[in-house]
Amino acid sequence: MSQTVLFLRNVNIYQDKNLILSDINLEINHGEFLYIIGKTGSGKSSLLKTLYADLPLTEGQANVVEFDLATLKEDKIPYLRRKIGIVFQDFKLLPDRSVNENMLFVLKATGWTDHAEMQMKIDEVLEKVGMKSLTNKMPHQLSGGEQQCVAIARALLNDPELILADEPTGNLDPQTSVEVMEVLRKINANGKTILMATHDYALLMKYPSKTLKCEGGTIFEVVQKAV
């Protein structure tokens, strides 16, 4: 496996033909944990959407988990996304299905067919986030923190090389945010590369790590100090 998980060179990001971020140069190596900070509308989500090919790359060079975004054909996007785990602010669990059924849905959609193997994988990822006892619960029966931990487990199903977390603690209270952050840090300690967009500066102070800032239409590294 390549040491470089993500590589951007002279990248410009557009949304509806509007230039959102310009001249992005970034390299992320296997096993790193990075934050992206910045005000609402500064481009954090647009960057993440570009990385998982929700927004097309039209200017610059970008290689993400060994896929060239500049030449990526639409029929290859599902293969890219199998190597990326995505965690959203609003969980995006299917409300009419149990935790287990939510997981099965993702595995079937990404080509898994052996039921015994699928169940083993589901049990494995739920165990990693401490949610194995809730496998038969419906999303509405879970707290916000529990739903987000299930969403993190879902992101791990295809053993991704990169996890993109877009404001994963944005809808959670401070104590629950810390619990979810502990789960993410544990996953990172086990070798997963994580890029996390956040507004939560308290978490940055508590868990300092390399930090990128979106401001003024570009991205640059800032130094965070632990308190």
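Axes are lines fitted to C-alpha atoms, for helices over the stretch in contact, and angles between N-to-C directions run from 0 to 180 degrees. With that in hand, let us explore this predicted model through a few exercises.

**Exercise 1. Two helix pairs**

Find how helix 3 is set against helix 4 and against helix 5.

Solution.
- Step 1: Start with helix 3 and helix 4, whose axes come within 10 Å and cross at roughly 120°.
- Step 2: Angles of 65 to 115 degrees count as roughly perpendicular and those over 145 as roughly antiparallel. The crossing therefore makes helix 3 oblique to helix 4.
- Step 3: Look for the residues that make this contact. Helix 3 brings Val99, Asn100, Met103, Leu104, Leu107 and Lys108, while helix 4 brings His115, Met118, Gln119, Ile122 and Leu126. The crossing is right-handed.
- Step 4: Turn to helix 5, which packs with helix 3 at an angle of about 25°, the axes being 10 Å apart. Angles under 35 degrees count as roughly parallel, so helix 3 is roughly parallel to helix 5.
- Step 5: Here Val99, Met103 and Val106 of helix 3 meet Val150, Ala153 and Arg154 of helix 5. Helix 3 passes helix 5 in a right-handed crossing.

**Exercise 2. The open sheet**

In what order do the strands of the 6-stranded open sheet lie, and which helix packs on the sheet, touching strands 3, 7 and 8?

Solution.
- Step 1: Read across the sheet: the order is 6-7-8-3-9-10, and the pairing is mixed.
- Step 2: Check the edges. Strand 6 (84-87) and strand 10 (218-222) each pair on one side only.
- Step 3: Compare directions. On average, neighbouring strands are turned by 20° against each other, direction ignored.
- Step 4: Add the helix. Helix 6 (residues 174-189) packs on the sheet and touches strand 3 (33-37), strand 7 (162-166) and strand 8 (193-197). The direction of helix 6 makes about 135° with that of strand 3.
- Step 5: Zoom in on one edge pair. Strand 9 (residues 210-215) and strand 10 run antiparallel and are joined by 5 bridges. Within this pair, Leu212 stands opposite Glu221.

**Exercise 3. A hairpin and its neighbour**

Describe how strand 1 is joined to strand 2 and to strand 4.

Solution.
- Step 1: Strand 1 (residues 4-15) and strand 2 (residues 18-29) run antiparallel, with 8 bridges between them.
- Step 2: The two strands form a hairpin with 2 residues between them, and Asp16 in the turn has a positive phi of about 50°.
- Step 3: Strand 1 is also joined to strand 4 (residues 59-64) by 5 bridges, again running antiparallel. Arg9 stands opposite Gln61 in strand 4.
- Step 4: Follow one residue of the hairpin. Leu26 is found in strand 2, where it stands opposite Leu8.
- Step 5: Is Leu26 buried or exposed? Buried means under 20% relative accessible area, and Leu26 is buried because its value is 7%.
- Step 6: Leaving out residues up to four places away in sequence, Leu26 touches Leu6, Phe7, Leu8, Arg9 and Leu212.

**Exercise 4. The nonpolar cores**

Which residues of the largest nonpolar core touch the most other members?

Solution.
- Step 1: This core has 40 residues, and those with the most contacts to other members are Val129, Ile152, Ile187 and Met196.
- Step 2: Ask which elements build it. Among those supplying at least two residues each are helix 4 (115-128), helix 5 (144-155) and helix 7 (201-206). Helix 6 gives the most, with 6 residues.
- Step 3: Take Met196 as an example. Beyond its neighbours within four places in sequence, its contacts include Phe33, Tyr35, Ala165, Met181 and Leu203.
- Step 4: Apart from this core lies another, of 34 residues, including Leu47, Leu51, Leu69 and Ile219.

**Exercise 5. A helix and a loop residue**

Work out how enclosed helix 1 is, then place Glu167.

Solution.
- Step 1: Helix 1 (residues 44-51) has 6 of its 8 residues buried, so it is largely enclosed by the rest of the structure.
- Step 2: The buried residues are Lys44, Ser46, Leu47, Leu48, Thr50 and Leu51. Just after the helix, Ala53 takes a positive phi of about 65°.
- Step 3: Glu167 lies in the loop between strand 7 and helix 6. Its relative accessibility is 8%, so Glu167 counts as buried.
- Step 4: Link the two. Not counting residues up to four places away in sequence, Glu167 touches Lys44, Gln89, Ala197, Thr198 and His199, and Lys44 is one of the buried residues of helix 1.

Terms used: Residues are numbered from 1 along each chain as its sequence is written. This is a predicted model: local features need pLDDT of at least 70, side-chain atom pairs count only at pLDDT 80 or more; totals for chains, interfaces and linings use all residues. Side-chain values use heavy atoms; hydrogens and water are left out. Two strands pair if DSSP finds at least two bridges between them. Helices (H or I, at least four residues) and strands (E, at least two) are DSSP runs, numbered from the N terminus. Contact means heavy atoms within 4.5 Å. Buried means under 20% relative accessible area, exposed over 50%, partly exposed in between (1.4 Å probe, protein chains only). A nonpolar core is a set of buried Ala, Val, Leu, Ile, Met, Phe, Trp, Tyr and Cys residues joined through side-chain atoms within 4.5 Å. A crossing is left-handed if the near helix is turned anticlockwise from the far one by less than a right angle, and right-handed if clockwise.
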